[in-house]
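Trainee: Could you take a close look at one part of this model for me, and then set it beside a second region in one connected account? Please give the cut-offs as you go.

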Amino acid sequence: MSKKFQLKNGMKVLFLESHKSPVVSVQMWVKTGSADEKKNEEGISHFIEHLVFKGTRKYGVGEIASTVEGSGGELNAYTSFDQTVFYVTISKQFSDVALDTISEMMGFPTFDPKEIDNEREVVIEEIKRGQDSPGRRASQLLFTNVFKKSPYGIPVIGYDKVVKKVSAKKIREFYQSRYVPSNMFLVIAGDFESKEMKKKIEQMFGSFAPYKLRKVSRIKEPAQKDIRIKVETTKFENTTGYLTWRIPSVKHKDIAALEVLSAILGQGDSSRLMQSLRIKQPLTNSVGSFSYSMQEDGLFAVSFNLEKENLAKAVSALIPEIMRLIEEPPTAGEMQKAITNFASHEIYSLETVDNIARKAGSNEFYYGDHEYYKKYMKQVYTLKPEDIQKVAKKYFKPDTFGLSLMTNMEKKGAEKILKSFAKDLKKSLLTAKIGKTKNKFTPKKFNVKTSSDKNVPQTERIVLSSGATLLIREQKETPYVAMKAAFLGGTRVEKENQTGLTEMFSRNWLSGSKKFSEDDINLRVDEMAAGIGAFGGRNSAGLSMDYLAPFEDRMVEVFADSLLAPQFPESILEREKVIIKNQIKSRNDNPAQICILNFMKEIFKGHPYARDVMGTEQTVSGITSADLKGYYAKTAHAKNLTFSVVGDVNKAKWVDLLEGITKQLPKGEKITNSFQADPIKESKHLFQELKKEQSHIIVGYRGLTLSDPERYTLEVIQSILSGQGGRLFLELRDKNSLAYSVSPMHMEGIECGYFGGYIGCSPEKSEKAIQMLKAEFKKLSEAKVGKEELTRAQRYLIGRHDIELQRKSTICNAVLFDDIYGLDFKESLDVADKYFAVQAEDIRTLAQKIFSQPAVVSIVGPTDVK
């Protein structure tokens, strides 16, 4: 049920009642983004997004986050080109907290000059972090190449020179001119009663000052009249590029056809680009396409990430795929696949209240109609194959495309390749003619109804006659199913000279089975808007699947054959070796990942957990198809197998299905190997030099195991330190401006675990960051946590747990892994009593036990600390 109304001050409000979970999402959409900024204001919208968390007339620094998290809620915000959005997701019993904090942040921020100065440093750290990110750098290069005049060419985060100098007065003036009630709309989705909620909204949001809205006239991007090639040389290992054309804004009649075109060209493993540039030959590490339309403009892009030596071959291979879109009509199967995927998005979006609010908010923002999706799907259903050809011909113009490339290859060499490609593409497009459609296409409409089933779902544990275990939970409020099957094993069954075997096994598991080739699997999964994947980790390996209930039988057919009869063809193994070795070589592009790998190697020395799950170039090169088959034979036993099925399913049907499937496996036994890590007798300091803008630091200690009775106490300790209201954020970020990203981190394993803290900061702040992380750990050892802070930490854990349990995949994972690790399968579903049982003295005792041990400090960055 939905309801829309407007307050007297001009603010619009949208209610979306959904009673499937006792959770509420409150989202404020502000109709201002980075594209509304003038010269010397670049980044002010994003800066304000940070600053409204820093204090209001009612809340001091850190109190907003502490209040929300102390009520079990989550809060955050984001800024885009066109809008800024603030949101709180919380249990319905604390919905007043969400309303109050959003109201205070949006209507009554203080913009204290001291806090503004503190937050400048945080935003500058965020900008530096972006400079170390290949994805963010490549994206910024893309937009600056497409938009030369429009503000869409300016990074949303802005420039550090603006952030350093913008005054408190300027910030307040911008806020008062754009954060105006008539320029905002409030979306509330979830479990509430509209009549009661409306009174609260009028009381909390009706008093916002009706500041005058500053009208913004955005600079329009002129028509592109040339081919633009922009190459940026960097030290990143991988080469990332985009081929782009301008397309219209989000409301244009051609957008539906362009999005179907994009789905056919480059979305999903069965898409044309994935087939030709990644699966049939590994010319790219990843490739895809997207249609991105904004309020004023848009772009269509083909994206690719590859090794520089493959650049010429890869871009050349794009030309026939671009030409096919114009010259050959899409097949009926390709059309239906795209349409089914678009229609299924509606069902998948109903799973959580924040998704419901986000989807409605976006439609309301761009179209003034929160149910615009229905009109959009009517457009999609009317599309014919020739419509896709027409928009391809219309927008893929031969002399007005763009090429942006971020690479570590020599600039002139890269430009030469792109110029040659541009010349060939132009020549081909000039001669392109729309081919005629031979077959008529009538789309099958996708109409799946949601259930009003009010039964409280129960999880059952069934041991099958084969010895396999089934955990099943009938939960029918949406026609969606999450399913997993896992064998114990993982890196624990690898030989030391075969590191990376589990990872390689998981990447090849779905490369073909007895009845289905890899292409068959990819096509069927994409046609049904489903997902199927293999996973492999430190303790287990398995298959996961998610789908909509009407497609169950066809998905189970693929799943069963993949589980029972994987083939591991040598040709696909060789292809995946290339990709994994490329990823290993590009590790330097992810210093945080190197930092954790170095830490794990030391903290778990002597244990399989110390190994890099991806392996080394040498070990990966040595893996054979026989090795993968041997791994499967070693782990794929019925008694070593557990299934978890959650969603719109029939228990009796699944029991029969899995009885039939698992009786085809050898019974075997459950894997019960055991290892011990070497004792850590003294503190260790690890440093790896990497020339980046930031240093990445971990300070950690040996932690607990999965079965340790004190693990709930440890989770409360993590909660005290984490979140925007936690000690690390408050002390290291809010008060000392050391970093944008700081958080506690932990892992519990079968025999050992770790606990510690991570921070990414400027190199000159590293020493202080390490000292402060250790100081915060020491405080927990020396002084009892106060009652209020303890309650906040407990509620934060319970609230986040309840919010996450909206997702069937979360429940599926929780019951599965609890069971295979020998815990009660219901352990993670009902945790409130366990968290509330933790006392302040328990925390101090455990903190003393953990933080009195030798520490392992891992640093990756340009300089070491003294």
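Mentor: Helices and strands here are DSSP runs numbered from the N terminus, a helix being H or I over at least four residues and a strand E over at least two. The model is predicted, so that local features need pLDDT of at least 70 and side-chain atom pairs count only at pLDDT 80 or more, while totals for chains, interfaces and linings use all residues. Residues are numbered from 1 along each chain as its sequence is written, and side-chain values use heavy atoms, leaving out hydrogens and water.

The part to look at closely is Thr32, which lies in the loop between β3 (23-30) and α1 (44-51). Thr32 is buried, its relative accessible area being 0% (buried means under 20%, exposed over 50% and partly exposed in between, with a 1.4 Å probe and protein chains only). Beyond its neighbours within four places in sequence, Thr32 is in contact with Asp82, Gln83, Thr84, Phe174, Arg178, Tyr179 and Asn183, where contact means heavy atoms within 4.5 Å. Asp82 is 50 residues away from Thr32 in sequence, yet their C-alpha atoms are 5.8 Å apart in space. The side chain of Thr32 also makes a polar contact, at 3.4 Å, with the side chain of Asp36; such a contact is a pair of N or O atoms within 3.5 Å, and within protein one must be able to donate a hydrogen and the other to accept it, with residues adjacent in sequence counting only if both atoms are side-chain atoms.

For the second region, turn to an open sheet of 5 strands, ordered β7-β11-β8-β10-β9 with mixed pairing, two strands being paired if DSSP finds at least two bridges between them. β7 (228-233) and β9 (286-293) stand at the edges with a single partner strand each, so one side of each has no neighbour in the sheet. Neighbouring strands are turned against each other by 15 degrees on average, direction ignored. β7 runs parallel to β11 (residues 402-407), joined to that strand by 6 bridges, and one of the bridge pairs sets Ile229 against Leu403 in β11. Helix α5 (residues 134-146) packs on this sheet, touching β7, β8 (239-247), β9, β10 (298-306) and β11, and its direction makes about 150 degrees with that of β11. Helix α16 (residues 411-430) packs on the sheet as well, touching β7, β8 and β11, with its direction at about 155 degrees to that of β7. Axes are lines fitted to C-alpha atoms, for helices over the stretch in contact, and angles run from 0 to 180 degrees between N-to-C directions.
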